[in-house]
Amino acid sequence: MYIHRQCIEQINVAVKRQAAVVLLGARQVGKTTLALHFAHSCDHYYLDLENPEDRQSLEHPLFFLRQFEHKLVVIDEIHREPELFSVLRVLIDEGRRKGIRTGRFLILGSASVDLLKQSSETLAGRIEFVNLNPLSVAEVGENQTNKLWLSGGFPLSFLADNEEDSHVWRKNFVRTYVERDVLQFNPRVPTELLTRLWTMLAHNQGTMLNSSRLATSLEVTSPTVSKHVGFLTDMLVVRKLNPFQANLGKRLVKTPKVYIRDSGLLHSLLNLRSIDELLRHPVCGFSWEGFVIEQICGVIEGRATPLFYRTADEAEIDLVLEWHRTGDLWAIEIKRSMSRPPSRGFYSSIDLLNARRRFVVCMHQRAFTMQKNVEVLGLSEFLKIATTE
């Protein structure tokens, strides 16, 4: 079953605008499926650098790739041959001299610091990046929100025949991700330590990062924990949500919050197999909060910076969006339902920030307005508003 991915429009625009386009995303998020679906609409050639035959054909890459100057060349798993970036630069510059300026290469890879640095430096002015996130509510439908929250946005997990198959897929994903995929990027990472850290982060979903406490539990140093959390962040499986900082006459928290980005992986790390088990678990509220944050970040990407606000006396806003074009602030409280109203700390904080728009975002909620112009609405409705901002 093919699910239409919204970022295919971004790829289409980017390919028409630039010679090389990099499609970045976590492992198994659907990059290859999307790239091939897009490429079938034009003349293309596909190279999978995990295939030994394809790698062998690139023994003389300049000679081999020159024959495809009038085709879109899709290169999968580019991190296996990072030296290709310098070759692509030569080919792109040769093409420009012949008047072939756009749509030369569609490059796929799991995000890493090395990949971003290498491609940005070597292909400066010749490359554009498109991020592919896990499945969104808009892509699967509002009626599938609970299923998406439980199983997460990796297509093979979401499309599994039943909850048990989805759970087993995610368990195997975590294991192979640590034992095989992570080592391709950083062979010095101790796999057992990384697995334990990942699980501990799941138990601390949505809380402030306390590297010292985690280091004590893992029997390593605090800098080691910070380094490995940074690595998981670079690999797009962990999100560090930074605090809002401004001179407001309040002592503000300066430590980031940490979330497992995909809710399905979070539930797998916590061994939660069904929605009933999830709703009874203490992490339920933080799981929903992280899920909503990822859905929102997917639609505001590149247009606003996601932050959170918290003072030393614990007045808090779950999510603050700082819009790049206008500088406006949106304050967002995240709840599964309106059974409990927002706290007094939320109301005092939105006044202090002078937030232009104030929201309470719930799972399913008929829209209405509360005091201080706070708009209460469901997740799907909010995503539509944020998309058009």
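Helices here are DSSP runs of at least four residues, numbered from the N terminus. The structure on display is a predicted model.

**First stop: the beginning of helix 10**

Select residues 163-185, which form helix 10, and find Glu-164 within that stretch. Glu-164 has a relative accessibility of 39%, so this residue counts as partly exposed. Now add Ala-19 to the selection: 145 residues of sequence separate Ala-19 from Glu-164, and their C-alpha atoms lie 44 Å apart.

Remain on helix 10 and move to Thr-176, which also has its place there. Thr-176 is partly exposed as well, at 38% relative accessibility. From Thr-176, draw a line to Arg-356; the two are 180 residues apart in sequence, and the distance from C-alpha to C-alpha is 45 Å.

**Second stop: helices 1 and 2**

Two packed helices are described by the angle between their axes and the distance between the axes. Select helix 1, residues 8-17, together with helix 2, residues 31-39. Their axes are 11 Å apart and the packing angle is about 55°. An angle of this value makes helix 1 oblique to helix 2. The crossing of these two helices is right-handed.

Which residues in helix 1 and helix 2 meet? Show the side chains of Ile-8, Ile-11, Asn-12 and Val-15 on helix 1, and those of Leu-34, His-37 and Phe-38 on helix 2. Sorted by class, this contact of helix 1 with helix 2 has five nonpolar residues, two polar residues and no charged residues.

**Third stop: Arg-126**

Go next to the loop between helix 6 (113-122) and strand 5 (127-131), where Arg-126 is found. Is Arg-126 buried or exposed? Its relative accessible area is 12%, and because values under 20% count as buried, Arg-126 is buried.

Display the side chain of Asp-93 beside that of Arg-126: a polar contact of 2.9 Å joins the two side chains. To see the wider surroundings, select the residues in contact with Arg-126, apart from its neighbours within four places in sequence. These contacts are Gln-18, Ala-19, Ala-20, Arg-89, Ile-92, Asp-93 and Arg-96. Ala-19, already selected as the distant partner of Glu-164, thus reappears in contact with Arg-126.

**Fourth stop: helix 11 and its two partners**

Select helix 11, residues 191-203, and helix 12, residues 211-218. The axes of helix 11 and helix 12 come within 11 Å, crossing at roughly 130°. Helix 11 is therefore oblique to helix 12. Their crossing is right-handed.

On helix 11, highlight Leu-193, Arg-196, Leu-197, Met-200 and Leu-201; on helix 12, highlight Leu-214, Ser-217 and Leu-218, which they meet. By class, the contact of helix 11 with helix 12 has six nonpolar residues, one polar residue and one charged residue.

Keep helix 11 in view and add helix 13, residues 222-234. Here too the axes come within 11 Å, and the crossing angle is roughly 80°. Helix 11 and helix 13 are therefore roughly perpendicular to each other.

For this second contact, show Leu-193, Leu-194, Leu-197 and Leu-201 on helix 11. They meet Thr-224, Val-225, His-228, Val-229, Phe-231 and Leu-232 on helix 13. The contact of helix 11 with helix 13 has eight nonpolar residues, two polar residues and no charged residues.

**Fifth stop: Glu-316**

Move to strand 10, residues 316-323, and select Glu-316. With which residue does the side chain of Glu-316 make a polar contact of 2.5 Å? The partner is the side chain of Lys-257. Outside its neighbours within four places in sequence, Glu-316 is in contact with Lys-257, Phe-308, Tyr-309, Arg-310, Glu-333, Gly-345, Phe-346 and Ser-349.

**Last stop: two asparagines in loops**

Most residues other than glycine have a negative phi. Select Asn-271, in the loop between helix 14 (263-269) and helix 15 (275-280). Asn-271 is not a glycine, and its phi is positive, near 60°. With a relative accessible area of 39%, Asn-271 is partly exposed.

Then select Asn-354, in the loop between helix 17 (344-353) and strand 12 (357-362). Asn-354 has a positive phi of about 55°, although it is not a glycine. Is Asn-354 buried or exposed? At 62% relative accessibility, Asn-354 counts as exposed.

Conventions:
Residues are numbered from 1 along each chain as its sequence is written. This is a predicted model: local features need pLDDT of at least 70, side-chain atom pairs count only at pLDDT 80 or more; totals for chains, interfaces and linings use all residues. Side-chain values use heavy atoms; hydrogens and water are left out. Axes are lines fitted to C-alpha atoms, for helices over the stretch in contact, and angles run from 0 to 180 degrees between N-to-C directions. Angles under 35 degrees count as roughly parallel, over 145 as roughly antiparallel, 65 to 115 as roughly perpendicular and the rest as oblique. A crossing is left-handed if the near helix is turned anticlockwise from the far one by less than a right angle, and right-handed if clockwise. Contact means heavy atoms within 4.5 Å. Ala, Val, Leu, Ile, Met, Phe, Trp, Tyr, Cys and Pro count as nonpolar, Asp, Glu, Lys and Arg as charged, and the others, Gly among them, as polar. Buried means under 20% relative accessible area, exposed over 50%, partly exposed in between (1.4 Å probe, protein chains only). A polar contact is a pair of N or O atoms within 3.5 Å; within protein, one must be able to donate a hydrogen and the other to accept it, and residues adjacent in sequence count only if both atoms are side-chain atoms.
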